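Biologist: Please take a close look at one part of this protein, the largest nonpolar core. What builds it, and how does its main contributor sit against a neighbouring element?

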Amino acid sequence: MVSVRTARLTLLTAIGVALAGCTPGPEWDRRTGATYSRMVADEMGLVEDPALERYVASIGQRIASHVPDRRFDFSFRIVDQEVPNAFALPGGYVYVSRGILALTNSEDELANVLAHEMGHVEQRHAARQQAAATLPGFFTLPGTIVSAIVSPALGDVLASPFRQVGAVYLAGYGRSQEREADRFAQETTARAGYDPRGMSDLLDALGREEDLRQGDSPTPGFLDTHPPTPERAATTARRAATLAWSRTAGTEPDRAAYLRRLEGLAVGRDPRHGIFVGVRLLHALLDCSARIPAGWAVASSRGAFGAMSPEGDAILVLQPPARGTDPQQAADAFVRDVLASSKVHIERSHVTQVAGMPGYEITARLGNGDDAFDLEFAWLAHDGRIYRFTGVAPVANPELIGAIRATISSFRPLTELQRSSIRVNRLHLAEARPGESIRALSARTNNLWSTEQTAVMNGIAVDDTFTGGQLVKIAVRD
Ligand SMILES: [Zn+2]
């Protein structure tokens with residue numbers, strides 16, 4: 001409900017430009033939103049579930065029709081993000097993550113989340129947002145160094161997988177903007193025939209989820225909300241009690257019916273973006289595996305994959321394969337289009353082979369003396385596709401470029417067995433038996449969530465026992 005992360009990174013630039021002059025008009029919101037909505041789709045990825053998407057949009061549009069003097073048209077999408085999150089781009093682009101959908105227990109909760117984001121849009125908080133707090137870690141990556149000196153195209157390649165994970169910790173909305181959006185959400189949902197308590201119920205769930213995840217994941221999600229979640233939950237619970245509302249036809253009052261909409265939703269980390277088996281990373285989307293040096297961080301966006309040294313001074317990136325069979329031809333094109341016009345000095349280039357796959361390798365250097373960087377480019381052909389590796393490491397630490405070369409040499413296509421071992425966890429519904437505990441239900445249904453997490457996801461206490469017949473959200477292996 002606050003962190004745009006990816007999108008806000010560059011949005012900041014646009015905002016900065018806008019603020020340099022006078023306050024931009026609503027047309028600025030529409031233009032900016034349209035631009036960054038493409039970036040969200042490309043880099044965060046959208047959940048392609050037409051039925052669920054239509055359902056979310058139907059709730060959003062119902063709310064939109066109750067916004068007085070509405071300035072913007074709204075669209076609603078589900079982003080492929082495991083952490084509970086929701087955000088909006090200026091101009092009416094509203095996003096909920098699959099993580100927040102999995103956490104909701106009623107249509108009222110979902111309606112309030114959507115309405116909160118619509119509040120940020122209608123009140124034009126992005127356009128008014130003045131300050132950006134900290135610099136994103138992204139700017140310190142070697143990719144950016146390369147981008148500045150060599151070529152923006154190459155810098156972009158190196159930075160792409162880290163944009164999401166490399167943390168864009170820009171300022172969220174201010175306290176008063178969050179409060180304003182909460183108020184807008186509850187007043188608007190009440191008018192639209194939803195229970196405004198959905199806001200406080202969801203904030204409670206988010207608070208519990210946050211506590212559970214504490215220290216486990218660096219992803220901010222709602223962690224950067226201010227005012228603190230419990231305070232917002234209390235404030236919105238008090239406000240809900242003062243708002244008159246009555247349920248309108250078409251809204252869904254039944255918890256079980258609501259939960260059935262979520263059945264099959266992917267939960268947790270998407271293992272297709274890479275899972276480790278020992279030191280080998282299996283990457284289903286890129287259909288390959290490689291050994292990752294000990295201690296290196298890995299990151300993956302839509303397809304592109306990156307590994308970064310513990311000190312953050314060396315990076316190896318594997319891009320989604322392009323069609324082709326001739327690695328040398330691909331390398332020639334790259335030299336012509338990118339390297340030829342750069343300050344990179346090519347030291348060696350030659351034909352190579354990795355595990356029987358034909359390849360081509362270019363070793364290059366950028367800069368002089370101790371501040372120089374070694375660059376390693378490699379192309380490998382497999383099955384009508386060409387994989388391209390780009391590595392960069394400081395000359396001062398030759399072990400790093402060595403580690404990059406070793407990783408490239410360890411590249412292999414996925415085997416059938418590896419491919420079939422990569423499975424997504426999905427949300428399913430189990431019917432509780434009378435007197436059953438969460439622990440007993442989990443054992444019976446092969447629930448992958450811990451007792452604590454199951455309690456949080458279902459909005460119940462850890463030691464609750466079921467009366468029977470209640471639908472319980474669980475996570476199971478696909
Ligand atoms: Zn917010």
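Modeller: What follows goes from the whole chain to the core and then to one helix pair. The model is predicted. It has 18 helices and 18 strands, and 45% of the 478 residues count as buried. Among contacts with a separation of 6 or more, 69% join residues 24 or more positions apart.

The largest nonpolar core has 59 residues. Ile 63, Ala 88, Val 94, Tyr 95, Val 96, Leu 114 and Met 118 have the most contacts inside it. Helix α5, residues 107-122, gives this core its largest share, seven residues. At least three residues of the core come from domain 1 (6-134 + 169-267), and at least three from domain 3 (423-477).

Met 118 can be followed further. Apart from its neighbours within four places in sequence, Met 118 is in contact with Ile 63, Ala 64, Val 67, Phe 74, Ala 88 and Val 94. A second core, separate from this one, has 42 residues, including Ile 315, Val 317, Ala 378 and Phe 411.

Helix α5 also meets helix α11, residues 197-213. The two axes come within 7 Å and cross at roughly 90 degrees; α5 and α11 are therefore roughly perpendicular to each other. On the α5 side, the residues that meet α11 are Asp 108, Glu 109, Ala 111, Asn 112 and Val 113. Their partners in α11 are Arg 197, Gly 198, Met 199, Asp 201 and Leu 202. By class, this contact has four nonpolar, four charged and two polar residues.

Note on methods. Residues are numbered from 1 along each chain as its sequence is written. This is a predicted model: local features need pLDDT of at least 70, side-chain atom pairs count only at pLDDT 80 or more; totals for chains, interfaces and linings use all residues. A nonpolar core is a set of buried Ala, Val, Leu, Ile, Met, Phe, Trp, Tyr and Cys residues joined through C-beta atoms within 7 Å. A residue is buried if 20 or more other C-beta atoms lie within 10 Å of its own, exposed if 12 or fewer, and partly exposed in between; C-beta atoms are placed from the backbone. Helices (H or I, at least four residues) and strands (E, at least two) are DSSP runs, numbered from the N terminus. Domain bounds come from an automatic or database domain assignment. Two residues are in contact if their C-beta atoms, placed from the backbone, lie within 7 Å. Axes are lines fitted to C-alpha atoms, for helices over the stretch in contact, and angles run from 0 to 180 degrees between N-to-C directions. Angles under 35 degrees count as roughly parallel, over 145 as roughly antiparallel, 65 to 115 as roughly perpendicular and the rest as oblique. Ala, Val, Leu, Ile, Met, Phe, Trp, Tyr, Cys and Pro count as nonpolar, Asp, Glu, Lys and Arg as charged, and the others, Gly among them, as polar.
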